Amino acid sequence: MATAVSQVPPKQDLPPPGGYKKIPFARVPPKSYFTGFTMIGAYVAVTTVGLGIYYLTAKKVRRDEIEMRSAQNVIFPILIAERDREFLRQLRRNRDEEAELMKNVPGWEVGTWYGEPIYKTLPEDTLVTPIFKEFYAHTDWKSYAKRANLKLWS
């Protein structure tokens with residue numbers, strides 16, 4: 001078998017008749033859609049329109065901020081008054097709860113320690129702000145915990 005293979009003449013890979021096609025290597029410039037002046041003009045136009053829209057929007061935002069600030073200034077005293085009213089209501093609820101709890105204790109007067117005033121140097125009509133735990137003494141634990149956490153955050 002070795003003799004049969006050696007008898008076959010080798011086939012060589014040759015170029016096609018007339019040779020291969022030329023390789024294009026010349027520079028092909030890209031197609032120009034806009035000139036430099038056109039692009040600068042478009043930039044100026046877009047920037048001008050954008051600044052105009054920004055100015056109008058900024059004016060509206062500023063107007064809305066003034067309106068919101070005015071509304072907050074108007075409603076702030078009402079919110080403070082509501083907070084104070086709720087504070088006094090809770091103090092009243094605390095007094096009523098103390099009176100209910102201690103009604104069977106002989107000699108107990110609400111707001112005193114067995115008839116002795118707690119603050120001896122203050123006039124009777126002076127409001128003494130209670131401490132935090134005393135204020136929430138007769139509320140549910142959830143309200144106390146919510147307010148305690150809020151107090152720690154601020």
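**Salt bridges, a nonpolar patch and a pocket in a predicted model**

User: In this predicted model, what makes the contact of R85 with E82 a salt bridge?

Analyst: The closest N and O atoms of R85 and E82 are 3.2 Å apart. A salt bridge requires a side-chain nitrogen of Lys or Arg within 4 Å of a carboxyl oxygen of Asp or Glu, so the pair of R85 and E82 qualifies at 3.2 Å. Both residues belong to helix α2, where they are 3 residues apart, about one turn of the helix.

User: Why are R85 and E82 called partly exposed?

Analyst: R85 has a relative accessible area of 46%, and E82 has 38% relative accessibility. Buried means under 20% and exposed means over 50%; both values fall in between, and therefore R85 and E82 count as partly exposed.

User: How do you know that D64 and K60 form a salt bridge, and what separates them along helix α2?

Analyst: The closest N and O atoms of D64 and K60 are 3.0 Å apart, which is within the 4 Å limit. The two residues are 4 residues apart in helix α2, so about one helical turn separates them. D64, at 36% relative accessible area, is partly exposed, and K60 is partly exposed at 45%.

User: Why is R83 called exposed, whereas D84 is called partly exposed?

Analyst: R83 has 54% relative accessibility, and the class "exposed" begins over 50%. D84 has 36%, which lies between the limits of 20% and 50%. The side chains of R83 and D84 meet in a salt bridge at 3.4 Å, N to O. Elsewhere, E86, R89 and R93 are joined into one network by salt bridges that share partners. By the 4 Å rule, the count comes to 8 salt bridges.

User: What makes W113 eligible for the nonpolar surface patch?

Analyst: W113 has a relative accessible area of 57%, and patch residues need over 30%; Trp is among the nonpolar side chains that are joined within 5 Å. The patch, of about 580 Å², is made by W113, Y114, I118, Y119 and L122. W113 is placed in strand β1, residues 112-113.

User: Which residues are closest to the centre of the largest pocket, and which element gives the most to its lining?

Analyst: The largest pocket has a volume of about 1,100 Å³. Of the 28 residues that line this pocket, R95, G111, I118, Y119 and V128 are the closest to its centre. The elements giving two or more residues to the lining are α2 (36-101) and β1; α2 gives the most, with 6 residues.

Note on methods: Residues are numbered from 1 along each chain as its sequence is written. This is a predicted model: local features need pLDDT of at least 70, side-chain atom pairs count only at pLDDT 80 or more; totals for chains, interfaces and linings use all residues. Side-chain values use heavy atoms; hydrogens and water are left out. Patches are made of residues with over 30% relative accessible area and no salt bridge: like charges are joined within 9 Å, nonpolar side chains (Val, Leu, Ile, Met, Phe, Trp, Tyr) within 5 Å. Accessible areas come from the Shrake-Rupley method with a 1.4 Å probe; for residues, only the protein chains shown count as cover. Buried means under 20% relative accessible area, exposed over 50%, partly exposed in between (1.4 Å probe, protein chains only). On a 1 Å grid over the protein atoms alone, a cavity is a set of points where a 1.4 Å probe fits but cannot get out, and a pocket is an open set with protein on both sides within 12 Å along at least five of seven lines; lining residues have an atom within 4 Å of a point. Grid points are joined across faces, edges and corners, and a volume is the space filled by probe spheres set on the points.
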